[in-house]
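Me: Please take a close look at a single part of this model and describe it in one connected account, with the cut-offs behind each term.

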Amino acid sequence: MRLDALKSMYDFYNKTLFGGRLVNDVAMVITGAKKYYGSAWCIYEGEGTTNRIYKIHFAKQLERSRHPLVNYNTIMIHEMIHIFQYMTYPQKDMLAKGAANHDKVFFNWLDMIEYQHGIKMYRDFEV
């Protein structure tokens, strides 16, 4: 997957699923790591909500996934929900060491995307 295609995918889902509420400038990285946090992970750097730099890292292994729900589209949406969490809950105590959780807000977004947009989302991860 090319980085410009990932950026276009992010822009599309930001408009269609999140109503354009997410930040526009998100760095996309494809890493050769076999496994870090999973197929992808989202981080931010910087303090406050206005000075943050968001990055989504995709593991190269994602291209070889045989699971029908583990692909760039569903993983992108998953990480975008985490960006929503970072933007909505900027307090340090709401986030576990800079990583958003798979909490009620996260699963509410998964439910909404599945039922309102018909996109089946991967749910078989540790909570």
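Reply: What follows goes from the whole chain to helix 3 and the segment after it.

This is a predicted model, in which local features need pLDDT of at least 70 and side-chain atom pairs count only at pLDDT 80 or more, while totals for chains, interfaces and linings use all residues. Residues are numbered from 1 along each chain as its sequence is written, and side-chain values use heavy atoms, with hydrogens and water left out.

The protein has three helices and three strands, where helices (H or I, at least four residues) and strands (E, at least two) are DSSP runs numbered from the N terminus, and their order along the sequence is α-β-β-β-α-α.

At the start of helix 3, the backbone nitrogen of Val105 has a side-chain oxygen of Asp103 within 3.2 Å. The end C-alpha atoms of helix 3 lie 19 Å apart, which agrees with the 20 Å that its 14 residues should span at 1.5 Å a residue, the expected span being 1.5 Å times one less than the number of residues. Val105, Phe106, Trp109, Leu110, Ile113 and Glu114 are buried in helix 3, buried meaning under 20% relative accessible area, exposed over 50% and partly exposed in between (1.4 Å probe, protein chains only); the buried residues of helix 3 pack against helix 2 (72-88).

Just after helix 3, Gly118 takes a positive phi of about 70°, and Ile119 is found in the segment after helix 3 (104-117). Ile119 has a relative accessible area of 22%, so it is partly exposed. Leaving aside neighbours within four places in sequence, Ile119 is in contact (heavy atoms within 4.5 Å) with Tyr13, Leu17, Ile77, Ile113 and Glu114.

Conventions: Polar contact = N/O pair within 3.5 Å; in protein donor to acceptor, adjacent residues only side chain to side chain.
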